[in-house]
Amino acid sequence: MVTISVDLGSRDHRIDRKRASDGDVIVITALGSHKLTIDGVQVEIRAVSGAKHGAHPTFAATHGACLSMDHGLLDGGTLSGVTYAVSGGSNIALESGEVSTDRPLLAHAMVSFSGDEDSNFSYDPATVPGLPAMVFEAFGLPSVHQVVFVGRRNLEFAFDPANGAGVLRSASAVGQEVRCVIEDVEQAEADMIAADIADLQLDPTTGPEPMPAPVCLAAGTRVLTPTGDRAVETLKAGDLVVTMDRGVQPLRWVGSRRCGAKDLSDPAKRPVRINAGALGDGTPASALVVSPEHRVMLSSSIARSMFGTEEVLVPAWRLLELPGIEIAHEVAEVQYFHLMFDRHELIFAQHAPVESVPATPSITADMSAEQVAELMDVFPEMFELAAPASRTARPVPEGHRQERLVQRHRAYGKMPLAS
């Protein structure tokens, strides 16, 4: 970690990878009405001194940068205001540990968004009682960008179509009230923000949904193992597979079934093909064919705005509204494979994060008696009447919320696997 001294009393400064590395600390020795731009690097402003009376500085983050600082470092008795500018998929995160009733609070700040990449501005409200409200005034904020009040779910949103402004508000029994006045909002965007706020009041589901059939990978799918990608049909119980959360894990059970023309005569049972790059840049690496109910991990700021968490699981058939994802109508028959671990895992199929089979009795609906007997031998606890519900590796939103999530990605042209 390196400490970088910056004088913003006389000129603008830019901190990029030529001047800093991730984790470095910035100390501002003089502060005037100048601009500090953080370009493509993750840094923290640790101290601020030498503020000029009436100054209005700008702190900007661009090209994937992350700037964190404590808003309480800015003296409300000296400065006239501050602007936070976010662009290029960057993030500005404000803490409030230095906010107190012992010194004037800079209780109004401007937040400016630009560009069409997901950018984020967050504020962690102070818990000190007796503080005046903290008000942010945001410009350039379509739903692709996000303003987040950390830890707050009691959000209210009011929209005035006469002046095209919305107010996002969070009151607290203890600590600051926080408001964000969102300027230049159209009715459609106001409706989207209101829907997102409503979703945030709910916790995403964490248990598995009932499923009519096991989640399945089609033969030929390449699954990541410690020795590289292997065709799913070559895997057997005891083989090691790379998981997202717990590293290398042994398979406990591998099952398969063949679906012919009779099985696939129902369009709802036809496999879904996720073409190369349809989820994100280079993901999947090549076409991925799965059963309709097989859940795929999505990760985006849109998911964060709706559910308060970036990563959620959504069945493949829900993704059919997105470009590059389609029903594999031409498939006359398919051999499916089921992979099960000690617990629900995320694995990499064609380099895309997808779920393993959850250990829950509902998966046995379309299995043969022999396969059910195998599972009862490997996982006897799964069939016990008092068995606890199996938890999914990521939250699974309710059906109508999954639909809205996909619609938002399509409306804003955003990849569903942004990170």
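**View 1. The largest nonpolar core of the predicted model.** This core comprises 54 residues. Ile-26, Leu-36, Phe-59, Leu-74, Tyr-84 and Phe-136 are the members with the most contacts inside the core. Apart from this core lies another, of 39 residues, which includes Leu-217, Phe-307, Phe-337 and Ala-349.

**View 2. Surroundings of Ile-26.** When neighbours within four places in sequence are left aside, Ile-26 is in contact with Ile-4, Val-6, Ile-15, Leu-36, Ile-38, Val-43, Ile-45 and Ala-47. Glu-44 and Arg-46 are also among the contacts of Ile-26.

**View 3. The stacked pair of Phe-59 and Tyr-84, one of four aromatic pairs.** The count of aromatic pairs comes to four. In the pair formed by Phe-59 and Tyr-84, the ring centres are 6.2 Å apart and the planes meet at 25 degrees, a stacked arrangement. Phe-59 belongs to strand 6 (residues 58-62) and Tyr-84 to strand 8 (residues 83-87), so the pair ties together parts that are 25 residues apart in sequence. Phe-59 counts as buried because its relative accessibility is 0%; Tyr-84, at 0% relative accessibility, likewise counts as buried.

**View 4. The edge-to-face pair of Phe-121 and Phe-136.** Here the centre-to-centre distance is 5.2 Å, with 70 degrees between the planes. Phe-121 lies in strand 11 (residues 120-123) and Phe-136 in strand 12 (residues 134-139); the pair thus links distant parts of the chain, 15 residues apart. Both Phe-121 and Phe-136 are buried.

**View 5. The aromatic cluster.** Phe-59, Tyr-84, Phe-121 and Phe-136 join with Tyr-123 in one aromatic cluster.

Conventions:
Residues are numbered from 1 along each chain as its sequence is written. This is a predicted model: local features need pLDDT of at least 70, side-chain atom pairs count only at pLDDT 80 or more; totals for chains, interfaces and linings use all residues. Side-chain values use heavy atoms; hydrogens and water are left out. A nonpolar core is a set of buried Ala, Val, Leu, Ile, Met, Phe, Trp, Tyr and Cys residues joined through side-chain atoms within 4.5 Å. Buried means under 20% relative accessible area, exposed over 50%, partly exposed in between (1.4 Å probe, protein chains only). Contact means heavy atoms within 4.5 Å. Rings of Phe, Tyr and Trp (its six-membered ring) pair if their centres lie within 6.5 Å; planes under 30 degrees apart count as stacked, over 60 as edge-to-face and the rest as tilted. Helices (H or I, at least four residues) and strands (E, at least two) are DSSP runs, numbered from the N terminus.
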